[in-house]
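Hi,

Here is the structure I promised to pass on. Please have a look at it first, and then read my notes underneath.

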Amino acid sequence: MKVMPLLGALVLLGVIANMALGFASEAGYASLVMVHMGIGYLGLLLVLVAAVMGWQRRGKVPTRNILAMTVVLVLAIVQVYLGSQLLESSSQTLLLAHEANAFLLLAGVLVTAALTARRQAAPKP
Ligand code: HEM
């Protein structure tokens, strides 16, 4: 099995699950925050692995795919940072920034997944 599409699928599922958990814990299910944090940190690790693998294989992996993965990595770092700040303060601005960044992250992961899928589907020389 190819590692990159598997990592991408896990990250996409994780972002969707974490958005659902984030909204649910904000709606009162506070016990979900620990699971939410766990998925967030694990997701960051997976994105880091994917981006490092992409950079190591530059020349074989198209530059736009590597750039897309790097943008997702930066968004994931920002998301974890905003999340950790939210644990200390319940500022509405912080919560909104964390929510907005979640949608950016979702868009970034979808674009990266589409680019990866297109590369996998392309005929091999
Ligand atoms: C993939 C990563 C993540 C995504 C997609 C995500 C998404 C979300 C969303 C959509 C919300 C609800 C915001 C709202 O209702 O306006 C939320 C809330 C929250 N998130 Fe995250 N989050 C992620 C990672 C993290 C991490 C790593 C932490 C902690 C270190 C964290 C801490 C929080 C906290 C404390 C809340 C508020 C929950 C509450 O008030 O009960 N998040 N998140």
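Below is what I found in it, beginning with how to read the model.

This is a predicted model, in which local features need pLDDT of at least 70 and side-chain atom pairs count only at pLDDT 80 or more, while totals for chains, interfaces and linings use all residues. Residues are numbered from 1 along each chain as its sequence is written.

Let's start with the ligand. The shell around it holds 25 residues, and those that come nearest are Gly22, Glu26, Gly40, Gly83 and Glu99 (a residue is near if its C-beta atom, placed from the backbone, lies within 6 Å of the molecule). Helices α1, α2, α3 and α4 (92–121) each give at least two residues to this shell, with α1 making the largest contribution, seven residues. Helices here are DSSP runs of H or I with at least four residues, numbered from the N terminus.

Now for α2. Its end C-alpha atoms are 36 Å apart, which agrees with the 36 Å expected because the helix has 25 residues (32–56) at 1.5 Å a residue; the expected span is 1.5 Å times one less than the number of residues. His36, Gly40, Gly43, Val47, Ala50, Ala51 and Gly54 are the buried residues of α2 (buried means 20 or more other C-beta atoms within 10 Å of the residue's own, exposed 12 or fewer, partly exposed in between, with C-beta atoms placed from the backbone).

Finally, Tyr81 sits in helix α3. Tyr81 counts as exposed because it has 12 C-beta neighbours inside 10 Å.

Best wishes
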